[in-house]
Amino acid sequence: VAREALSNDPSEVRGLVRPVQRPWATMRVSGTVPYSGTRLTADYGWTDARAVTPAHVSLTQQSGLQQFSQETGLNMRVRQPLPMFAGLPGRLELTMEMRNMLAQGYLPLAAAGRRAVLTNSPRAVRGGLSFIF
């Protein structure tokens, strides 16, 4: 349900958003495929549909391996090790990540006939090739 401010006054628009304690729950499943070494991770983060929950970020956490992340929605990660050429140090890895695939955590706002959407977790699909040395 969209909230509406009557004017474009920034303080009135900011007044539509306020900090409130909200419950959240996260479930994660992960595993490795035998022989190929493919690592699969899927998680689902639930919170109140009226909440925009900030993601907990720490520089000491390894990406994709957080123990208690608050990522909203359905998220999936695939990491596939690739064979390296003989004699080269390091390893190659193919990665694919899909975040918030159910498009949850979008908070619509309206002010004087204009609409905006707040989210900390936009739907995204990305991938890459990593050389790890």
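# A walk through the sheet and its salt bridges

Visitor: Is R28 buried, partly exposed or exposed?
Guide: Good place to start, bearing in mind that this is a predicted model. R28 has a relative accessible area of 28%. Buried means under 20% and exposed means over 50%, so R28 counts as partly exposed.

Visitor: Which residue forms a salt bridge with R28, its closest N and O atoms being 3.2 Å away?
Guide: The partner of R28 sits in strand β3, while R28 itself belongs to strand β2, residues 24–32. The two are 15 residues apart, and their pair links distant parts of the chain. The partner counts as buried because its relative accessibility is 2%. The residue that bridges to R28 is D43.

Visitor: And how do β2 and β3 pair, in the parallel or the antiparallel sense?
Guide: In general, strands of a sheet pair through backbone hydrogen bonds, in one of two senses. Here, β2 and β3 are joined over nine bridges. One position to look at is W24, which stands opposite T47 in β3. The sense of the β2 and β3 pairing is antiparallel.

Visitor: Which strands are the edges of the open sheet?
Guide: The sheet has five strands, in the order β2-β3-β4-β5-β8, with antiparallel pairing. Its twist averages 10° from one strand to the next. An edge strand here pairs on one side only, and that picks out β2 and β8.

Visitor: Which residue meets R77 in a salt bridge?
Guide: The N to O distance of this pair is 3.6 Å, which fits the 4 Å limit for a salt bridge. R77 lies in strand β4 and its partner in strand β5 (residues 91–99), so the pair ties together parts that are 20 residues apart in sequence. R77 is buried, at 8% relative accessible area. The side chain it meets is that of E97.

Visitor: How much of E97 is accessible, in relative terms?
Guide: E97 lies in strand β5. E97 is buried, which means that its value is under the 20% cut-off. The relative accessible area of E97 is 13%.

Visitor: Which residue in strand β8 forms a salt bridge with E97?
Guide: The closest N and O atoms of this pair are 3.2 Å apart. Strand β8 covers residues 124–132, and the pair ties together parts that are 29 residues apart in sequence. At 46% relative accessibility the β8 residue is partly exposed, whereas E97 is buried. The β8 partner of E97 is R126.

Visitor: What is the distance of the polar contact between the side chains of E97 and R99?
Guide: R99 also belongs to a network of salt bridges that links R28, D43, R77, E97, R99 and R126. The count of salt bridges in the model comes to eight. For the polar contact between E97 and R99, the distance is 2.7 Å.

Visitor: What area does the nonpolar surface patch made by V17, V52 and L118 have?
Guide: Take V52 as an example: it lies in the loop between β3 (39–47) and β4 (73–82). V52 is partly exposed, with 33% relative accessible area, and so passes the cut-off of over 30% for patch residues. Together, V17, V52 and L118 make a patch of about 190 Å².

Terms used:
Residues are numbered from 1 along each chain as its sequence is written. This is a predicted model: local features need pLDDT of at least 70, side-chain atom pairs count only at pLDDT 80 or more; totals for chains, interfaces and linings use all residues. Side-chain values use heavy atoms; hydrogens and water are left out. Patches are made of residues with over 30% relative accessible area and no salt bridge: like charges are joined within 9 Å, nonpolar side chains (Val, Leu, Ile, Met, Phe, Trp, Tyr) within 5 Å. Accessible areas come from the Shrake-Rupley method with a 1.4 Å probe; for residues, only the protein chains shown count as cover. Helices (H or I, at least four residues) and strands (E, at least two) are DSSP runs, numbered from the N terminus. Buried means under 20% relative accessible area, exposed over 50%, partly exposed in between (1.4 Å probe, protein chains only). Two strands pair if DSSP finds at least two bridges between them. Axes are lines fitted to C-alpha atoms, for helices over the stretch in contact, and angles run from 0 to 180 degrees between N-to-C directions. A polar contact is a pair of N or O atoms within 3.5 Å; within protein, one must be able to donate a hydrogen and the other to accept it, and residues adjacent in sequence count only if both atoms are side-chain atoms.
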